[in-house]
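Please open the model in a viewer and keep the selection tool at hand. The tour below proceeds from one selection to the next.

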Amino acid sequence: MPNTRITEDFLGFGLGLRTDHFEHILQHQPDIDWFEVLSENYLVAGGKPRYYLEAIAEQYPVVMHGVSMSIGSSDPLDMDYLKALKKLSNDIQPKWISDHICWTSIHGVNSHDLLPLPYTEETVNHVAQRVRQVQDVLGRRILLENVSSYLSYQDSTMDEWDFLSQVAEAADCLVLLDINNIYVSARNHHFNPLDYLKKIDPRRVQQFHLAGHSDFGDYVIDTHDHDVPPSVWTLYQAALERFGAVSTMIERDANIPEFPALYNELLEAKHIAQLTLPDDPALARSQFGTRSPDDLGKFISANHASPQKVRA
């Protein structure tokens, strides 16, 4: 397999853009490398969300991340949604666009959940054909993200990682590898998460997601409402060893802390990357965390928070 990457340039370390932090970002201009925006929140032109998004996109690189493409459904693709997505893309010029390798609707009824697919050759062909159609509409490659899952199909004939790899190859798309989702699914389905990493083509991995989850002992739920736990940090380190420097961001969708807390959690990600890949030149291009100690102290102090200790 050729080693030549087909992905976009390394962006560094980013955060999910959330309404709680709009004002803080514009006022303090933190040295975050980039932000990921939830596409569906900005598809309507005008209003406060678009105002803040456009103001932030003028200062930072952004990427778009969606939850409504339903790329695996048997329903026809929603062309109105895709046209709105393309319009938003034209307006804010994201570095890339992503969604999930799943289905969310059937017979026009939206489940409002990211549901797994049966892992079969038929499904590979079905999803790949739809991805190619989406990419034709958007005029660019998209990224597909692996989802957390809590059930499996008796009809599946391959492992999830083989399914994702075959779809990406057949559709010539890229991969958003969610490290937390791999861990969650590994716990729920009793597989080794390192096997997942070993089977994904490094040339196609464009982005990593990091997040927290809720651990109930016998099963794990992807809730995005906790800090990134040690188990996910450990798997992240293994992913760095496998894929090298990949644009990395932290997702937080509930129990959202003040911005400095997320800033310091993202410092943990960069610190682990630097320890794991000390000679990788891409990491040197990241501006995140390059504030002087005095500037960072003022940044934290201004928001009534204390810096967390970065893990050694």
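**A buried lysine**

Begin by selecting Lys270, which is placed in helix H9 (residues 259–276). The model is a predicted one. Lys270 is buried and yet has no salt bridge. Add Asp33 to the selection: this is the nearest side chain of opposite charge, and it is 5.6 Å away from Lys270. A salt bridge would require a side-chain nitrogen within 4 Å of a carboxyl oxygen, so Asp33 does not supply one. Next, display the backbone of Phe288, whose oxygen lies 2.5 Å from a polar atom of the Lys270 side chain.

**The largest pocket**

Turn now to the largest pocket, which holds about 440 Å³ of space. Select Val67, His100, Asp113, Leu114 and His224; of the 21 lining residues, these lie nearest the centre of the pocket. Then highlight strand S6 (residues 109–115), which contributes four residues, the most of any element, to this lining. Colouring the lining by class will show five nonpolar, nine polar and seven charged residues.

**The largest cavity**

How many cavities of 30 Å³ or more are counted? The count is one. The largest cavity contains about 60 Å³ of space. To find its surroundings, select the lining residues, among them Ile101, Pro116, Tyr119, Asn146 and Tyr196. Helix H5 (residues 160–171) should be highlighted next, as the element that gives the most to this lining, with three residues. Glu160, Phe163 and Leu164 also belong to the lining. By class, the cavity lining comprises eight nonpolar residues, one polar and one charged.

Technical notes:
Residues numbered from 1 in each chain as written. Predicted model: local features only at pLDDT ≥ 70, side-chain atom pairs only at ≥ 80, totals over all residues. Heavy atoms only, no water. 1 Å grid on protein atoms, 1.4 Å probe; cavity = no way out; pocket = protein on both sides within 12 Å on 5 of 7 lines; lining within 4 Å. Points joined across faces, edges and corners; volume = space filled by probe spheres on them. Helix = DSSP H or I, 4+ residues; strand = E, 2+ residues; numbered from the N terminus. Nonpolar A, V, L, I, M, F, W, Y, C, P; charged D, E, K, R; others polar. Buried < 20%, exposed > 50% of the residue type's maximum accessible area, 1.4 Å probe, protein only. Lys, Arg positive; Asp, Glu negative; His and termini not counted. Polar contact = N/O pair within 3.5 Å; in protein donor to acceptor, adjacent residues only side chain to side chain.
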